[in-house]
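Colleague: Please take one part of this model and go through it closely. I would like the strand pairing and the side chains around it described in one connected account.

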Amino acid sequence: CRTGSVSSGAIQPTWVPISSTIAHWRPLRFALDVYDSTWSSRLHHPTYSLGEMINIEASVSSNHPLPMKVFVDECVVSPSASPWLRYKVIADNG
């Protein structure tokens with residue numbers, strides 16, 4: 001459920017599952033949401049200045065009964081689709 005200008009691309013898992021461990025194929029739904037400073041309201045069109053704190057929630061959901069965790073290694077933002085103007089929000093494996 002990406003909203004606003006949080007990202008220009010879909011969030012994709014970076015691992016390759018081992019086929020022998022897969023019992024059933026179930027789709028995973030990844031989301032990246034931005035919240036206000038109190039974490040009480042999701043922001044739909046966030047705007048930030050360089051150096052401001054950003055409250056980001058990354059999540060994954062599926063109909064699988066086991067709980068899952070999301071680990072974010074890197075996250076970048078850009079004011080446009082320009083590949084050369086990017087700012088690291090999360091770096092160095094979180």
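**The sheet around β1**

Modeller: Of the 94 residues in the protein chain, 15% are buried. The model is a predicted one, and that applies to everything below. The protein chain has 5 strands and 0 helices, so its elements read β-β-β-β-β from the N terminus on. Among contacts in the protein chain with a separation of 6 or more, 40% are between residues 24 or more positions apart. The protein chain exposes about 7,700 Å², and 55% of that area comes from carbon and sulfur atoms.

The part to look at is an open sheet of 3 strands, with the order β2-β1-β3 and antiparallel pairing. Its edge strands are β2, residues 42-43, and β3, residues 55-61, each of which pairs on one side only. In general, the strands of a sheet are held in register by pairing through backbone hydrogen bonds, either parallel or antiparallel.

Strand β1 covers residues 29-35 and pairs with β3 over 7 bridges, in the antiparallel sense. Two of the partners can be named: Arg29 is bridged to Ser61 in β3, and Val34 has Ile56 of β3 as its bridge partner. On the β2 side, 2 bridges join β1 to β2, and these strands also run antiparallel. There, Tyr35 of β1 has Arg42 in β2 as its bridge partner.

The hairpin of β1 and β2 has 6 residues between the strands. In this hairpin, Trp39 takes a positive phi near 60°.

As for burial, β1 is largely enclosed by the rest of the structure, because 6 of its 7 residues are buried. Asp33 has 6% relative accessibility and therefore counts as buried, the cut-off being under 20%.

Asp33 also takes part in a salt bridge: its side chain meets that of Arg42, with a distance of 4.0 Å from N to O. A search of the whole structure finds 1 salt bridge. The two side chains differ in exposure, because Arg42 is partly exposed at a relative accessible area of 34%, whereas Asp33 is buried at 6%. Arg42 thus appears twice in this account, once as the bridge partner of Tyr35 and once in the salt bridge with Asp33.

Notes: Residues are numbered from 1 along each chain as its sequence is written. This is a predicted model: local features need pLDDT of at least 70, side-chain atom pairs count only at pLDDT 80 or more; totals for chains, interfaces and linings use all residues. Side-chain values use heavy atoms; hydrogens and water are left out. Two strands pair if DSSP finds at least two bridges between them. Helices (H or I, at least four residues) and strands (E, at least two) are DSSP runs, numbered from the N terminus. Buried means under 20% relative accessible area, exposed over 50%, partly exposed in between (1.4 Å probe, protein chains only). Contact means heavy atoms within 4.5 Å. Accessible areas come from the Shrake-Rupley method with a 1.4 Å probe; for residues, only the protein chains shown count as cover.
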